[in-house]
Amino acid sequence: MLAEQNPPPPKPAYKNPILYSSLALIAVLLYVISIFFFRWQENRQIQHHATEEQTQKQLEADRHTVEQMGGKELAIQSFYASAGVVHPGEKLQLCYGVANAKTVKLEPQNNPVWPSYNRCVDVSPKKDTTYTLTIEDAAGHTQTQSLDIKVR
């Protein structure tokens, strides 16, 4: 009969080359992953910082614009006519600009008006007329300005 061959005894774990190469590969993989993670984290911080700076610049620009447009105070910034003297029934434009108004009234006339930094409405006076612009804010404060149109 054939002599039974015994399998060679198993190698001890510390002599297994696959174990060492696997450990080395895992170590390199962890190092590469950590590099990617820290770079991603750093880029995220840089992007967050840039976003904060951009937001701050936008806030400053918006504050500047609000100040130019009348700040936080209720104000009639402009109220004028395209002509000071007209013929009876002739059209002209009354233009106004207001800041921080909740409601706007322009009397006497029938065109709709609303808060705006720059809006004009057509009017056709038949006789000398005094137009009055009245604005009101959310707190109930009002301002009024008048404009005389002469009809010849």
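A disulfide here is a pair of cysteine sulfur atoms within 2.5 Å. Keep that cut-off in mind for the first stop. The model on screen is predicted.

**Stop 1: the disulfide**

Select Cys95 and Cys120. Their sulfur atoms sit 2.0 Å apart, and the two residues form a disulfide. By the cut-off above, the count comes to one disulfide. Look along the S-S bond of Cys95 and Cys120: the angle about it is 110 degrees, and the link is right-handed. Now colour by strand. Cys95 belongs to β3 and Cys120 to β5, so the pair ties together parts 25 residues apart in sequence.

Buried or exposed: which is Cys95? Cys95 is buried, at 3% relative accessible area. Its partner Cys120 is partly exposed, at 29%.

**Stop 2: the nonpolar core**

Stay with the strands. Show the side chains of Phe79, Leu94, Val98, Val104, Leu106 and Leu133. These residues have the most contacts inside the largest nonpolar core, which has 20 residues. In general, nonpolar side chains of soluble globular proteins tend to be buried together.

Next, highlight the strands that feed this core. β1 (75-81), β3 (92-99) and β4 (103-107) each supply at least two of its residues. So do β5 (119-123), β6 (129-136) and β7 (142-151). Which strand gives the most to this core? The answer is β3, with four residues.

**Stop 3: around Val104**

Centre on Val104. Leave aside residues up to four places away in sequence, then display what Val104 touches. The partners are Tyr96, Val98, Val113, Trp114, Pro115, Leu133, Thr134 and Ile135. Two of these partners, Thr134 and Trp114, are worth a closer look.

Pick Thr134 in strand β6. Thr134 counts as buried, at 19% relative accessibility; the cut-off for buried is under 20%. Beyond four places in sequence, Thr134 touches Thr103, Val104, Lys105, Gln143 and Thr144.

Now pick Trp114, in the loop between β4 and β5. Trp114 counts as partly exposed, at 43% relative accessibility. With neighbours within four places in sequence set aside, Trp114 is in contact with Tyr96, Val104 and Arg119. Val104 therefore appears on the contact lists of both Thr134 and Trp114, where contact means heavy atoms within 4.5 Å.

Draw a distance between the C-alpha atoms of Trp114 and Thr134. The separation is 11 Å, for residues 20 apart along the chain.

**Stop 4: His87**

Move to the loop between β2 (85-86) and β3, where His87 is found. His87 counts as exposed, at 52% relative accessibility. What does His87 touch, not counting residues up to four places away in sequence? Its contacts are Pro125, Val151 and Arg152.

Now add Phe36 to the selection. How far apart are His87 and Phe36 in space, C-alpha to C-alpha? They are 79 Å apart, with their positions 51 residues apart in sequence. Zoom out to see both ends of that line.

**Stop 5: a surface patch**

Finish at the helix α1 (17-68) and the segment before it, which holds Tyr14. Select Tyr14, Leu19, Tyr20 and Leu23, and switch to a surface view. These four residues form a nonpolar patch on the surface. Together they have about 440 Å² of accessible area. Tyr14 itself is exposed, at 55% relative accessible area.

Technical notes: Residues are numbered from 1 along each chain as its sequence is written. This is a predicted model: local features need pLDDT of at least 70, side-chain atom pairs count only at pLDDT 80 or more; totals for chains, interfaces and linings use all residues. Side-chain values use heavy atoms; hydrogens and water are left out. A nonpolar core is a set of buried Ala, Val, Leu, Ile, Met, Phe, Trp, Tyr and Cys residues joined through side-chain atoms within 4.5 Å. Buried means under 20% relative accessible area, exposed over 50%, partly exposed in between (1.4 Å probe, protein chains only). Patches are made of residues with over 30% relative accessible area and no salt bridge: like charges are joined within 9 Å, nonpolar side chains (Val, Leu, Ile, Met, Phe, Trp, Tyr) within 5 Å. Accessible areas come from the Shrake-Rupley method with a 1.4 Å probe; for residues, only the protein chains shown count as cover. A salt bridge is a side-chain nitrogen of Lys or Arg within 4 Å of a carboxyl oxygen of Asp or Glu.
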